[in-house]
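Open the model in your viewer and keep the sequence panel beside it. We will go stop by stop, selecting a few residues each time.

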Amino acid sequence: DCASSTNTTKIIAIGEKIGVATPAASYCRSQRIVVGGIERSGNLPAFGAIYRANLNKAKLDILCSLLGKTAPSIHSGYWWTSCQLSATGAVSLCNGGFLNGNKALSTNVLCCFDL
């Protein structure tokens, strides 16, 4: 699943409908950048997107270096994604691989933008 923006929108909408907070998705959606004069909203990355970024870590490091930035260390630790496994389980990137994590756990959030 690489539908980061769609998933983020759905998570927030469902949370509002049932009265449940969506802190990871809401945080990402509240972030803004301007690229080429167009304002973009942030997204909680889908598992497919963050997994591919992890596989391309060396290229991502070079790109970020050229931009004067440091790429996040997503190849280790636990990172939320916008993919849901069940009502209580969310899919996470765990040390570079798949994990079904309990939504009650505290995990890192990487905000991504569609360009």
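**Stop 1: a charged pair across two strands**

Remember that this is a predicted model. Select R32. Its relative accessible area is 44%, so R32 is partly exposed. Now add E39 to the selection. R32 and E39 form a salt bridge, and their closest N and O atoms are 3.5 Å apart. Is E39 buried or exposed? E39 counts as exposed because its relative accessibility is 53%. Side chains of opposite charge can pair when their charged atoms come close.

**Stop 2: the hairpin of β1 and β2**

Select β1, residues 32–35, and then β2, residues 38–43. How many bridges pair β1 with β2? There are 4 bridges, and the two strands pair in the antiparallel sense. Pick V35 and look across to β2: its bridge partner there is I38. The hairpin has 2 residues between the strands. Click on G36 in this hairpin, which takes a positive phi near 60°.

**Stop 3: the open sheet**

Keep β1 and β2 in view and add β6. Together they make an open sheet of 3 strands, in the order β1-β2-β6, with antiparallel pairing. Which strands stand at the edges? They are β1 and β6 (112–113). Each has a single partner strand, so one side of each is left without a neighbour in the sheet. Strands of a sheet pair through backbone hydrogen bonds, either parallel or antiparallel.

Zoom in on β2 and β6. They pair over 2 bridges, in the antiparallel sense. Select N43 and find its bridge partner in β6, which is C112. Next, show α2. This helix packs on the sheet and touches β1 and β2. The direction of α2 makes about 165° with that of β2.

**Stop 4: a buried serine in α1**

Select S4 in helix α1. Why does S4 count as buried? Its relative accessibility is 8%, and the cut-off for buried is under 20%. Now show what surrounds S4. Leaving aside neighbours within four places in sequence, S4 is in contact with N43, L44, P45, A46, A49 and S82. You have already met N43, as the bridge partner of C112.

**Stop 5: a nonpolar patch**

Switch to a surface view and select I14, I18 and V20. What do these three residues form? They form a nonpolar patch on the surface, with about 290 Å² of accessible area together. Pick out V20, which sits in the loop between α1 (4–18) and α2 (23–30). V20 counts as partly exposed because its relative accessibility is 45%.

**Stop 6: helix α3 and its cover**

Go back to a ribbon view and select α3, residues 47–55. Find F47, G48, I50 and N54, which are buried in this helix. What covers the buried residues of α3? The cover includes α4, β3 (78–84), β4 (89–94) and β5 (97–102). Leave these elements on display.

**Stop 7: helix α4**

Select D61 and K57. Their side chains meet in a salt bridge, at 2.6 Å from N to O. The two residues are 4 apart in helix α4, so about one helical turn separates them. Compare their cover. D61 is partly exposed, at 32% relative accessibility, whereas K57 is buried, with a relative accessible area of 16%. With this pair the count of salt bridges comes to 2.

Stay on α4, residues 57–66, and pick C64. C64 is buried, with a relative accessible area of 14%. What does C64 touch, not counting residues up to four places away in sequence? It touches K69, T70 and A71.

**Stop 8: the hairpin of β4 and β5**

Finish with β4 and β5, which are part of the cover over α3. These two strands run antiparallel, and 6 bridges join them. Select C94 and find its bridge partner in β5, which is G97. The strands form a hairpin with 2 residues between them. In the turn, click on N95, which has a positive phi of about 50°.

Terms used:
Residues numbered from 1 in each chain as written. Predicted model: local features only at pLDDT ≥ 70, side-chain atom pairs only at ≥ 80, totals over all residues. Heavy atoms only, no water. Patch = residues over 30% accessible without salt bridge, like charges linked within 9 Å, V, L, I, M, F, W, Y side chains within 5 Å. Areas by Shrake-Rupley, 256 points an atom, 1.4 Å probe, with all protein chains shown as cover. Salt bridge = Lys/Arg side-chain N within 4 Å of Asp/Glu carboxyl O. Buried < 20%, exposed > 50% of the residue type's maximum accessible area, 1.4 Å probe, protein only. Contact = heavy atoms within 4.5 Å. Pairing = 2+ DSSP bridges. Axes fitted to C-alpha atoms, helices over the stretch in contact; angles between N-to-C directions.
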